[in-house]
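Reader: Please give me a close look at the shell around the ligand. Then place that shell in the rest of the chain.

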Amino acid sequence: MTLLSCRNLGFRQPRQTGFVLEDIDLSFREGELVGLLGLNGAGKSTLLRLLMGFLVPSTGEVFLEERSLRAWPASAIARHLAYMPQSHVATFPYTVRRMVELGRVPHSGLTGRLSPQDQMAVAAALERMGLERFADRPVTELSGGERQRVVLARAIAQDARGLLLDEPMAGLDYGYQLRLMALLAELAQEGRLVMLTSHRPEELYAHASRVLVLDHGRIEADGPPQDVVTAQRMSALYGMPLMQMDHAGNRFFHQERNEK
Ligand SMILES: Nc1ncnc2c1ncn2[C@@H]1O[C@H](COP(=O)(O)OP(=O)(O)OP(=O)(O)O)[C@@H](O)[C@H]1O
């Protein structure tokens, strides 16, 4: 069913004249793995933040389960949607376990008492992100990529029906990039909506069920990766001639090179 949608969505920064996003009509179903591509500044993070209700639209509206997002209490939104921001600054030395437990607040409240179900969700998220051995370390003493995995584990522990992730692969080592993409595909197969912004067309080609291209604040393309992630479109988007090579269900892009 449709979990999240928007109609005529537009956004303009205060004191700026141009629209960052304009005329966006989209709807997202549970079970979809949606990749969002676009140049730096295209409006990808802005779109995710509008869909989460963190920004107030300048035009149009966002709907969660067909009901205006404005009519939902924040705590109920958090039981439906989890969000991972592009960058996370750890200011307080919470332990890794405590940080991941915070993902359960929408379910358990702020009292700090975790039910057995909460504890299971936390343990599973720690395991999925390979964080068991870091569980009692303060997050302020972790590397950037390790901290990124903590933030992801918190979003996973939240056990929401929709996960909106802003560049979740950034800073992860190659092994964790591959593991995370497989995990996101698994979460979508379980029936969740997973949406991520990415600067890697190849990774979206291999795993996404749907790819959106945002260009200058408008949806330029929206469809299955085979139709959207093509050399022609990627060349136009990135402003350089790219060739594509398909192999075993993957598609790779490269620039034309002079023979050595
Ligand atoms: N706080 C702000 N005040 C003014 N303009 C902003 C602000 N945040 C973002 N913008 C502008 O809004 C536009 C869209 O930014 P957004 O962060 O959504 O892009 P993005 O597609 O996520 O980019 P990136 O790939 O670099 O993360 C950009 O032109 C940016 O300069």
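Author: Helices here are DSSP runs of H or I with at least four residues, strands are runs of E with at least two, and both are numbered from the N terminus. This is a predicted model: local features need pLDDT of at least 70, side-chain atom pairs count only at pLDDT 80 or more, and totals for chains, interfaces and linings use all residues. Residue numbers start from 1 along each chain as its sequence is written.

Now the shell. Helix α1, residues 44–52, gives the most to it, with 3 residues. The full set around the ligand is Gln13, Val20, Gly38, Asn40, Gly41, Ala42, Gly43, Lys44, Ser45, Thr46 and Gln86 (C-beta, placed from the backbone, within 6 Å). By class, the shell holds 8 polar residues, 2 nonpolar and 1 charged. Nonpolar covers Ala, Val, Leu, Ile, Met, Phe, Trp, Tyr, Cys and Pro; charged covers Asp, Glu, Lys and Arg; the others, Gly among them, are polar.

Next, the core. Leu51 touches Leu4, Cys6, Val62 and Leu164, leaving aside its neighbours within four places in sequence. Contact means backbone-placed C-beta atoms within 7 Å. Leu51 is also among the residues with the most contacts inside the largest nonpolar core. So are Val100, Ala125, Ala153, Ala155, Leu164 and Met195. That core has 69 residues (buried Ala, Val, Leu, Ile, Met, Phe, Trp, Tyr and Cys, joined through C-beta atoms within 7 Å). Helix α6, residues 144–157, gives this core the most, with 7 residues.

Step back to the chain. It has 10 helices and 12 strands. Its C-alpha trace spans about 60 × 50 × 35 Å along the principal axes. Buried residues make up 36% of the 260 (20 or more other C-beta atoms within 10 Å of the residue's own). Of the contacts with a separation of 6 or more, 65% join residues 24 or more positions apart. The radius of gyration is 19 Å, which agrees with the value near 18 Å for a compact globule of 260 residues (over C-alpha atoms; 2.2 Å times the number of residues to the power 0.38).

Last, the domains. The assignment, automatic or from a database, gives domain 1 (2–229) and domain 2 (230–260). Their C-alpha centres lie 28 Å apart. Domain 1 puts 10 residues into the contact, and domain 2 puts in 9. On the domain 1 side, α8 (201–207) and β9 (210–215) each supply at least two residues. There, α8 gives the most, with 4. That side has 8 nonpolar and 2 charged residues, and no polar ones.

Technical notes. Contact = placed C-beta atoms within 7 Å. Buried ≥ 20, exposed ≤ 12 C-beta atoms within 10 Å, placed from the backbone.
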